[in-house]
Amino acid sequence: MPEITRFGSGKAGDKTCPDGVTWFDINIADNADHEWLMAWQEISEQTRTALLEPARFSHYEQVPEGTLLSMRTLRSGEKDDRTDPGDLKLLIGPATAITLRSGKVAAVDQLRQNLPSNKSLVTAVDLLGFLVTGMTNRMEPVISDLTQDIDDVEDAMLDGGLVPPQKTLSEFQRRIFRTRRQVNYTQQVLDPMTTDPRASALG
């Protein structure tokens, strides 16, 4: 069964209170979670199918229960593996938020750690903001390190005429491509939401 968390203005009161949000965090790699989702009657078959589809690219769509976002993001681990991002689905409804993942996802782990003490998390849309902020914050040191390493190579070329070996240039290329891909995943989700009035209405 997924982890179910209540947060927002109604979290301390009656569970039937319309205020607040219920967050269902589903790990589809867990058989019990998968069986629970398949038997869950509170969502439509259209939404269930959309949740279970692989996230081939980052995008969002409207489903009967709200806005469903599909994101490619970093997995959890001691060292972020940017060559193999994981799938993350986020369904935002008026009083419900659903995250669906396969295994651990760094942004969800960070959200769960911060939820008890973060008073700014009140609505389902706040979950999206927190997840995207977490994704971008994890990218900042990667971009900074890459920029510094490229600057060092440029300085060596300009000041001393030292041409870096092909292996170094190839590694820079791989790092740039991996970083650009992760930035694009986030941009693909956010760009349409800034112009679609249906998505803007959620806030």
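Tutor: Helix H2 holds both Arg48 and Glu45, three residues apart, about one turn of the helix. The model is predicted.

Student: What makes Arg48 and Glu45 a salt bridge?

Tutor: Their closest N and O atoms are 2.9 Å apart. The cut-off is 4 Å, so the pair qualifies.

Student: Why is Arg48 called buried or exposed?

Tutor: Its relative accessible area is 3%. Buried means under 20%, so Arg48 is buried.

Student: And why is Glu45 called buried or exposed?

Tutor: Glu45 has 52% relative accessibility. Exposed means over 50%, so Glu45 counts as exposed.

Student: What makes Thr47, also placed in H2, buried or exposed?

Tutor: Thr47 has a relative accessible area of 0%, so it is buried. Thr47 touches Val63, Pro64, Glu65 and Leu91, not counting residues up to four places away in sequence.

Student: How do you know that Asp25 and Arg101 form a salt bridge?

Tutor: The closest N and O atoms are 2.9 Å apart, and the limit is 4 Å. Asp25 lies in strand E2 and Arg101 in strand E6, so the pair ties together parts 76 residues apart in sequence.

Student: Why are Asp25 and Arg101 called buried or exposed?

Tutor: Asp25 is at 2% relative accessibility, so it counts as buried. Arg101 is at 9%, so it is buried too.

Student: What makes Arg174 buried, partly exposed or exposed?

Tutor: Arg174 has 42% relative accessibility. That lies between 20% and 50%, so Arg174 counts as partly exposed. Glu171, its salt-bridge partner, is at 30% and counts as partly exposed.

Terms used:
Residues numbered from 1 in each chain as written. Predicted model: local features only at pLDDT ≥ 70, side-chain atom pairs only at ≥ 80, totals over all residues. Heavy atoms only, no water. Buried < 20%, exposed > 50% of the residue type's maximum accessible area, 1.4 Å probe, protein only. Contact = heavy atoms within 4.5 Å. Salt bridge = Lys/Arg side-chain N within 4 Å of Asp/Glu carboxyl O. Helix = DSSP H or I, 4+ residues; strand = E, 2+ residues; numbered from the N terminus.
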